[in-house]
Amino acid sequence: MTFSFDLTGKTAIVTGANTGLGQAIAVALAQAGASIVAVGRSSMDETERLCRDAGAKFHSVQADLSSLEPIEHIVAEATAVSGRIDILVNNAGIIRRADAIAFTEKDWDDVMNVNLKSTFFLSQAVARTMLADERGGKIINIASLLSFQGGIRIPSYTASKSGLAGLTRLLACEWAAKGINVNAIAPGYFVTNNTEALRNDPNRSSEILGRIPAGRWGDPTDLGGAAVFLASPAANYIHGIVLPVDGGWLAR
Ligand code: NAD
């Protein structure tokens, strides 16, 4: 039996890599040997320093994924600097909180555009390059517990992340035989900007903490192992799963 978690010689695009879970995933992939192409709206300086400290090559691409406009450029630039894209992590995502009864069309469209539409079309563009040379690759979508559960006050987020779980399965079915593994990670409650509002609300914060079997919120570094695993040859026969990394939340 042979298996490996080594990503030496591989290039990974990570979207939204400037902070939070995207940064932690980029650093973990870098530590496993991958070169990183970090995509996002904001400065990647901190992520660049952390990846280079891990000994990785690093390149950043400024792009706003609220529209499809930058996708062609992202793929062209990543291919130009690395020769080949082996791994895509669709991490960039946003959340808008309001009661369903008052939710606006803008809060619906903004979330769906980044979390679902751009994720699909970036995956399509990267998969075309992976299929062209028949060497396959790995696509990892960052889903959510809201891929399994309803939640409250986040209608477009729940719709986008539930949709992303379905999209992960569909793409896995279409591309598995062509050597592309499409899977997702569903993070539980992690300490990032995304959950700041929840952590600042004493009631919601203690309710959430009270039902996490691990007894603590996730630290972004808790996600790295799952990302490296799904990006690695060790996961070559894994297709279409949504892997919870949630301190046991869904087991409860
Ligand atoms: P975050 O807000 O710290 O990071 C979100 C990232 O997405 C940032 O890098 C941001 O710049 C990027 N982004 C947002 N809109 C973008 C756009 N239009 N163009 C380019 N980049 C854009 O939050 P996070 O918690 O690190 O979130 C990362 C992913 O993890 C998201 O998809 C989020 O839904 C998901 N997630 C987070 C948690 C959690 O507990 N923190 C739980 C489940 C899922």
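Axes here are lines fitted to C-alpha atoms, for helices over the stretch in contact, with angles from 0 to 180 degrees between N-to-C directions. Helices (H or I, at least four residues) and strands (E, at least two) are DSSP runs, numbered from the N terminus. The model is predicted: local features need pLDDT of at least 70, side-chain atom pairs pLDDT 80 or more, while totals for chains, interfaces and linings use all residues. Residues count from 1 along each chain as its sequence is written, and side-chain values use heavy atoms, without hydrogens or water.

**Exercise 1.** Work out how helices α1 and α8 pack.

*Solution.*
- Locate them: α1 spans residues 20-31 and α8 residues 224-231.
- Take the axes: they come within 8 Å and cross at roughly 55°.
- Classify: under 35 degrees is roughly parallel, over 145 roughly antiparallel, 65 to 115 roughly perpendicular, the rest oblique. The pair is therefore oblique.
- List the contacts (heavy atoms within 4.5 Å): I25, A28 and L29 of α1 meet G224, A227, V228 and A231 of α8.

**Exercise 2.** Trace the strand order of the open sheet and find its edges.

*Solution.*
- Strands pair if DSSP finds at least two bridges between them.
- Read the order: 7 strands run β3-β2-β1-β4-β5-β6-β7, with parallel pairing.
- Find the edges: β3 (58-62) and β7 (242-245) each have a single partner strand, so one side of each lacks a neighbour in the sheet.
- Check one pair: β1 (residues 11-15) and β4 (residues 87-90) share 3 bridges. V14 has V89 in β4 as bridge partner.
- Add the helix: α4 (residues 105-132) lies across β1, β4, β5 (137-142) and β6 (180-187), at about 175° to β4.
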